[in-house]
Amino acid sequence: MANLPILLDYWPSMFGMRARVALREKGVEFEYREEDFSNKSPLLLQSNPIHKKIPVLVHNGKPVCESLNVVQYVDEAWPEKNPFFPSDPYGRAQARFWADFVDKKFTDAQFKVWGKKGEEQEAGKKEFIEAVKILESELGDKPYFGGDSFGYVDISLITFSSWFQAYEKFGNFSIESESPKLIAWAKRCMEKESVSKSLPDSEKIVAYAAEYRKNNL
Ligand code: GS8
């Protein structure tokens with residue numbers, strides 16, 4: 001028990017979920033520690049003094065911060081099973097490009113869809129649908145963004161699918177009618193235990209988002 005990696009996390013976080021999926025894809029046992037943001041743990045504050053955010057993976061006593069960085073670290077620290085990246089440099093560069101697109105475009109847009117109202121929400125919906133269509137065309141007819149195997153881009157994006165129901169409810173639109181292939185991809189990913197075990201129930205996320213809206217909008 002003493003040497004298990006520790007994951008500092010927060011259950012509805014799509015960033016925390018990335019670390020959970022990555023660790024489970026590698027079959028790595030870890031200790032999950034839920035953070036309370038109104039009273040952050042000393043370990044979180046020491047481990048991520050710059051951003052004070054989860055996820056943080058503490059492995060051999062050393063903290064790794066930022067979700068995509070954690071996913072890459074997990075791939076490098078446990079290289080034997082299920083590599084997240086292709087072996088050729090170009091394929092690797094492409095994977096990093098698309099995960100960065102998810103962080104730069106998709107992340108902001110999705111927040112506006114469920115966490116804002118009025119004009120800002122409408123603009124967010126437009127950006128979200130644009131981003132989803134771009135991602136769908138990148139996926140094309142492949143089973144996964146990583147081609148035949150589930151990889152880095154899949155991990156970076158799939159965690160948002162637990163929020164899709166919340167986007168649809170508060171944004172009042174259907175993701176499936178905008179991008180059916182992306183929904184089929186999400187269902188395919190959910191068949192993997194590493195994913196289904198790591199993503200919370202969509203209904204719980206809807207309730208969480210509703211509470212956020214009640215308190216903040
Ligand atoms: C984002 C992490 C983040 O926003 C990453 O790891 O990819 N770019 C980072 N973490 C949030 C929870 S999810 O919304 C967090 O830790 N917030 C704590 C706070 O804001 O106090």
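These legends walk through close-up views of one predicted model.

Before you start, residues are numbered from 1 along each chain as its sequence is written. Because this is a predicted model, keep in mind that local features need pLDDT of at least 70, side-chain atom pairs count only at pLDDT 80 or more, and totals for chains, interfaces and linings use all residues, while side-chain values use heavy atoms, with hydrogens and water left out.

**View 1. Two stretches are named as domains in the UniProt record.** The record lists residues 3-82 as "domain: GST N-terminal" and residues 88-208 as "domain: GST C-terminal". UniProt positions are given in the numbering used here, feature names are shortened, and annotations may be inferred rather than shown by experiment. Residues 3-82 are 36% helix and 20% strand, with their end C-alpha atoms 22 Å apart. Residues 88-208 are 74% helix and 0% strand, and here the end C-alpha atoms lie 41 Å apart. Helices (H or I, at least four residues) and strands (E, at least two) are DSSP runs, numbered from the N terminus.

**View 2. Four strands form an open sheet.** Read across the sheet and you meet the strands in the order β2-β1-β3-β4, with mixed pairing. Strands β2 (31-34) and β4 (62-65) are at the edges with a single partner strand each, so one side of each has no neighbour in the sheet. Neighbouring strands are turned by 20 degrees against each other on average, direction ignored. Two strands pair if DSSP finds at least two bridges between them. Strand β1 (residues 6-9) pairs with strand β3 (residues 56-59) in the antiparallel sense over 3 bridges. Look for Leu8, which stands opposite Val56 in β3.

**View 3. Helices α1 and α3 lie across strands of the sheet.** Helix α1 (residues 14-25) lies across β1, β2 and β3 and runs at about 155 degrees to β1. Helix α3 (residues 67-77) lies across β3 and β4, at about 125 degrees to β4. Axes are lines fitted to C-alpha atoms, for helices over the stretch in contact, and angles run from 0 to 180 degrees between N-to-C directions. Contact means heavy atoms within 4.5 Å.

**View 4. Two loop residues have backbone details to look for.** A cis peptide bond joins Ile54 and Pro55, with omega about 0 degrees. Pro55 sits in the loop between α2 (42-47) and β3. Turn next to Asn82, in the loop between α3 and α4 (89-115). Asn82 has a positive phi of about 40 degrees although it is not a glycine.

**View 5. Helix α1 also meets helix α4.** Two packed helices are described by the angle between their axes and the distance between the axes. The axes of α1 and α4 come within 13 Å and cross at roughly 130 degrees, so the two helices are oblique to each other. Angles under 35 degrees count as roughly parallel, over 145 as roughly antiparallel, 65 to 115 as roughly perpendicular and the rest as oblique. The contact is made by Met14, Phe15 and Arg18 of α1 and Val102, Asp103, Thr107 and Gln110 of α4. These residues divide into 3 nonpolar, 2 polar and 2 charged. Here Ala, Val, Leu, Ile, Met, Phe, Trp, Tyr, Cys and Pro count as nonpolar, Asp, Glu, Lys and Arg as charged, and the others, Gly among them, as polar.

**View 6. Helices α5 and α9 are roughly perpendicular.** The axes of α5 (residues 118-139) and α9 (residues 180-190) come within 8 Å and cross at roughly 70 degrees. Their crossing is left-handed; that is, the near helix is turned anticlockwise from the far one by less than a right angle, while clockwise would be right-handed. From α5, the contact uses Val132, Leu135, Glu136 and Leu139, and from α9, Pro180, Lys181, Leu182 and Trp185. By class, this contact has 6 nonpolar, no polar and 2 charged residues.
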